[in-house]
Structures are given as structure tokens and as C-alpha cells.
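This report describes the interior of one protein model, its open and enclosed spaces and its nonpolar packing. Please consult the sequence and structure shown here alongside the text.

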Amino acid sequence: MTQGWSAQDIPDQSGRTAVVTGANSGIGLVTARELARRGARVVLACRSEARGRAAADHIRSEVPGAQAEFRTLDLADLASVREFAAKLPYDRLDLLVNNAGVMALPYGKTADGFETQFGVNHLGHFALTGLLLPRLRAAGAARVVSVSSGMHALANIDIGDLNSEHRYRRWIVYGRSKTANLLFIHELARRLRAAGSDVVAAAAHPGYAATNLQTQAVRMEGRRAAERIVELGNRVMAQPAEAGALPTLYAATAPGVRPDSFTGPSLMMWRGAPARSWRARWTLNDVAGERLWVASEQLTGVTYEAL
């Protein structure tokens with residue numbers, strides 16, 4: 001039952017350790033702050049040291065006694081992902097929130113030569129989850145939550161062109177990366193179940209929330225008029241980041257969250273209290289999930305032990 005669910009309904013998180021990627025702003029920052037408010041030790045995994053440290057300081061100033069720390073993670077660089085996992089000083093991990101992402105960027109490549117949206121939104125998180133999975137399993141009833149989007153409905157993945165080398169349409173490629181997030185959770189949940197693990201893999205999406213994700217691409221391209229239009233849309237139509245974070249927080253903490261569930265805003269996938277969300281049928285395809293998983297292992301060099 002999610003009717004009216006809010007941040008005040010988050011269960012006590014004392015004694016739990018969480019990693020939140022992209023936690024320096026927007027939904028990630030709110031997620032990290034509310035987990036810390038409920039007693040969790042939260043690791044803010046961010047690319048920018050200046051913004052990451054400032055976010056951790058902000059949480060500690062807003063939440064007295066909060067356990068919030070910054071650690072460097074660049075999902076566009078698999079060497080950084082491996083270094084983050086190797087240096088994380090905790091033997092067990094109760095929660096991994098794969099929140100960071102990019103949206104509708106001009107064509108570009110990661111440090112490892114992958115198309116940026118696919119590389120950051122999917123492959124970086126695939127590698128990170130695999131490297132941290134032994135610690136998640138050591139914690140018992142841990143959770144992995146990946147933040148997808150209602151925009152996954154724009155496109156299914158193209159297994160023959162995962163890096164969009166044949167044709168690049170930024171919004172279609174973004175949709176494919178968000179479909180990849182859902183297929184990853186679908187396959188991870190299936191494999192965890194087959195292995196007898198009690199780790200729960202679930203997905204969420206924020207609806208239309210006012211964050212810097214919308215302005216990222218137009219700002220990169222110097223399109224000031226377009227940036228002002230997007231900012232106006234954020235002010236007039238979008239819900240605040242505090243509301244956009246609720247589906248993620250629900251999937252991460254609420255009792256009874258089912259593996260492979262997809263939580264989003266209750267009102268037309270746009271805004272409202274967390275609720276079960278619609279998802280395209282292709283995100284529940286076992287064959288596609290398996291093929292993407294195998295390709296992701298080959299591309300990242302990360303294999304999931306015992307799964």
C-alpha cells in the first residue's frame with residue numbers, strides 16, 4: 001500500500017550502509033539526505049570532488065549527526081568504478097542506489113570508448129553492482145535500486161548496435177539506456193532468485209522532477225534560449241526533487257518491495273505518491289535480458305560471481 005507514502009514513512013535505517021551514485025544534486029542528493037536522516041551511513045558516490053564534498057557537508061549541516069561521506073566515482077571510466085569498489089572500506093553493503101545518469105547528450109564516448117549515455121547509464125552501473133555484489137550478499141536482505149525513466153518507452157535496446165554507431169538520435173539512445181536499466185534489474189532479479197539470494201533488485205523512476213538533468217545537454221551546447229525554456233518548464237510543470245526522489249526511497253526502504261518491481265509517481269507517471277508503474281513489455285523479456293547481460297560482461301570485463 002503506497003497511498004500517501006512520504007519520506008516520513010521511511011523505516012529506521014540505523015546500522016545500514018548505503019551507496020548512492022550521483023548524490024551531489026537533485027534526486028540523488030535528496031535520496032542520500034533522507035537515508036541519512038533515518039540513520040543510515042551514506043556514501044555519496046560522485047564524479048566531482050568539489051560538488052560531492054559540498055553535498056556531504058550540506059547533509060551533515062541539515063541533519064545533525066548524519067553519517068554522510070563523499071567518495072570519487074566516475075561512471076564514464078571503468079578504472080574509476082573499479083577503484084571506487086576496491087577502496088570502499090565496508091565489508092557489507094545494505095543498499096546500492098544506481099541513481100546517476102545523463103540525458104539526451106550530443107554524441108560522445110566514455111573513457112573506455114562506449115557511447116556516453118549507454119556507458120554511464122547502464123555499463124558503469126552494471127560494473128559497479130557486480131563489483132559490490134559480494135558485499136550486498138554479505139549484508140543479508142540488501143537491495144539494489146536502479147533509477148530508470150518513463151522515457152524507456154521511446155525505444156527497446158538494439159543488441160546489435162549497443163553503442164549507437166550506426167545512427168545516433170539522442171532521445172532514442174536515452175530511451176534505450178533506460179530500457180537497459182530495466183532489463184538489467186529484470187535479469188539481476190532472476191539470477192538472484194535462482195541463486196537463492198535474498199538481495200532484492202528493483203527499479204524506480206522519478207516522473208517529471210526539476211533537476212539539472214534536463215538542462216545538462218543544452219548547457220553543454222551553449223543553447224541559452226533552449227536552457228531558459230527548459231528551466232521555465234521545470235519551474236511551472238515539474239515536481240520538486242524531494243517528490244521525485246520518493247519512488248527511489250520507497251523501492252530502497254519500504255517493507256515488502258518485490259524483486260523486479262518498478263515504482264514511479266502515481267499520477268500518469270508524472271507526479272504523486274509512489275505506486276506501481278507501467279513498463280514496456282520488452283523490459284520483461286528474459287532472452288533480451290540474458291543477451292544484454294552477456295554483452296555487458298564482455299564490454300566491462302566484470303562478471304558476477306555465483307550468479
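The second largest pocket has a volume of about 450 Å³. A pocket is an open set of points on a 1 Å grid over the protein atoms alone, with protein on both sides within 12 Å along at least five of seven lines, whereas a cavity is a set of points where a 1.4 Å probe fits but cannot get out; lining residues have an atom within 4 Å of a point. Grid points are joined across faces, edges and corners, and a volume is the space filled by probe spheres set on the points. Of the 17 residues lining this pocket, Arg258, Asp260, Ser261, Phe262 and Arg276 are the closest to its centre. Strand 7 (262–267) and strand 8 (271–276) are the elements that each give two or more residues to this lining; helices (H or I, at least four residues) and strands (E, at least two) are DSSP runs numbered from the N terminus.

The model is predicted: local features need pLDDT of at least 70 and side-chain atom pairs count only at pLDDT 80 or more, while totals for chains, interfaces and linings use all residues. Residues are numbered from 1 along each chain as its sequence is written, and side-chain values use heavy atoms, with hydrogens and water left out.

There are 4 cavities of 30 Å³ or more, and the largest has a volume of about 70 Å³. Its lining includes Phe118, Asp158, Asp161 and Arg176, and helix 5 contributes the most to it, with 3 residues. The table sets out both linings by class (Ala, Val, Leu, Ile, Met, Phe, Trp, Tyr, Cys and Pro are nonpolar; Asp, Glu, Lys and Arg are charged; the others, Gly among them, are polar).

| Lining | Nonpolar | Polar | Charged |
|---|---|---|---|
| Second largest pocket | 7 residues | 5 residues | 5 residues |
| Largest cavity | 4 residues | 2 residues | 3 residues |

The largest nonpolar core has 50 residues, with Val19, Phe84, Leu132, Leu188 and Tyr304 making the most contacts inside it. Such a core is a set of buried Ala, Val, Leu, Ile, Met, Phe, Trp, Tyr and Cys residues joined through side-chain atoms within 4.5 Å. Helix 4 supplies its largest share, 9 residues.

Leu123 is found in helix 4. Leu123 counts as buried because its relative accessibility is 0%; buried means under 20% relative accessible area, exposed over 50%, and partly exposed in between (1.4 Å probe, protein chains only). Beyond its neighbours within four places in sequence, Leu123 is in contact (heavy atoms within 4.5 Å) with residues including Phe114, Phe118 and Thr300.
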